[in-house]
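Colleague: I'm new to reading models like this one. Could you pick a single part, take a close look at it with me, and then show me how it sits in the rest?

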Amino acid sequence: MLCAGQVSAQSTWPVITLADTPYEKAMRVGDRYIRQAGNIRSTVRQLRFFEHGVSFYERAIQAEPMAAEPHYRIAEVLNAYYQQGPPKRVANTMLRHWERFAELAPLDPRVNETLFERALVHTRMGSDEHYRKAIDIYKRLFVRIDLQSSPGTSAALRFSNMAEIYMMLGELETAIPLYQRSLANYPDALYAFGLAVALDRNGQGERAREVMSTHTTNDSLRRLTEGAVFFVPHGEVFYYFALGYEVLGRSEEAIQQYQKFIDSGAHPRYHRRARENMQR
């Protein structure tokens, strides 16, 4: 279970002046297309305007190869449009431009935001290679930010997301302490659910159900599919529901959710544990 941040393309963009260099002309036209896209309801037309905007940012890069800003804007525009996860081709384009932005403007404070978004994109791409890249990015982010002064919610989100990736990789001994650090920073039920699932998969069934029981109500389980929460792959969510239904005493529903988890093919390394829970 991972949580995404809020996308806000243009909200932090510096204003391009009215000078007449090819770079500034291209940036202004690109910005105009992006602003117009925000007022269009048709998704087809909106995408066309986004693509026009991106094409002018690419012209700006050609005019000023060492300019960081157009790289940032291309990635942010694509990230704003594909909020539910971009196609692989688009994801690779976003990652390339975010990386180039960080290379050209390493001291820009927005780099921290882009690192978080890059980690999410790698996670959504759903392979061990991309999971490892996401972990490396979170580690870089922890080096760049001051956890003591960072809001508890921000640190908790990053620890929880990183823990989830380690669980996807089967590294539960690393995931569990990260979930615990997440809860220490901010006691959110969502992070407790992740800890409970990790404990259960690590053979600590009794402790897992204690954690789950402390934070689970009929209403709280709805949060597993609300807001910015997402699972990779989506079938992973069924394990969370199953464990939640267990502690609520809804055994038949728990069995159904474990079976749906197995049928989805999500994380086969944990199918045996799901079957053991169904049998028990």
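Modeller: First, a bit of vocabulary: helices and strands here are DSSP runs, with at least four residues for a helix and at least two for a strand, numbered from the N terminus. Keep in mind that this is a predicted model. By that count, the chain has 13 helices and 2 strands.

Let's zoom in on helix H5, which covers residues 110–124. You can check its length yourself. At 1.5 Å a residue, the 15 residues of H5 should span 21 Å, and the C-alpha atoms at its ends are indeed 21 Å apart, so the two agree. Next, how enclosed is it? A residue is called buried when its relative accessible area is under 20%. In H5, 12 of the 15 residues are buried, so the helix is largely enclosed by the rest of the structure. The buried ones include Val111, Leu115, Phe116 and Leu120, and also Arg110, Glu117, Arg118 and His122. Just after H5 comes Gly126, which takes a positive phi of about 65°.

Now zoom out. In the chain as a whole, 52% of the 280 residues are buried. In soluble globular proteins, nonpolar side chains tend to be buried together. Here, the largest nonpolar core has 72 residues, and Met167, Leu224 and Tyr240 have the most contacts inside it. Take Tyr240: leaving aside neighbours within four places in sequence, its contacts include Met1, Met167, Tyr179, Phe193 and Leu224. There's also a second, separate core of 24 residues, with Ala26, Tyr57, Leu78 and Val90 among them.

For another buried spot, try Ala192, which lies in helix H9 (residues 189–201). Its relative accessible area is 0%, so it counts as buried. Not counting residues up to four places away in sequence, Ala192 touches Leu183, Val211 and His215. The C-alpha atoms of Ala192 and Glu210 are 10 Å apart, with the two residues 18 apart along the chain.

That brings us to contacts across the chain. Among those between residues at least 6 apart in sequence, 59% join residues at least 24 apart. As for overall dimensions, the C-alpha trace spans about 70 × 40 × 30 Å along its principal axes. The accessible surface comes to about 13,700 Å², and 48% of that belongs to carbon and sulfur atoms. Last, the charges: there are 35 positive and 32 negative ones, and their mean positions are 4 Å apart.

Notes: Residues are numbered from 1 along each chain as its sequence is written. This is a predicted model: local features need pLDDT of at least 70, side-chain atom pairs count only at pLDDT 80 or more; totals for chains, interfaces and linings use all residues. Side-chain values use heavy atoms; hydrogens and water are left out. A nonpolar core is a set of buried Ala, Val, Leu, Ile, Met, Phe, Trp, Tyr and Cys residues joined through side-chain atoms within 4.5 Å. Buried means under 20% relative accessible area, exposed over 50%, partly exposed in between (1.4 Å probe, protein chains only). Contact means heavy atoms within 4.5 Å. The expected span of a helix is 1.5 Å times one less than its number of residues. Accessible areas come from the Shrake-Rupley method with a 1.4 Å probe; for residues, only the protein chains shown count as cover. Lys and Arg count as positive and Asp and Glu as negative; His and the chain ends are not counted. The place of a charge is taken as NZ of Lys, CZ of Arg, CG of Asp or CD of Glu.
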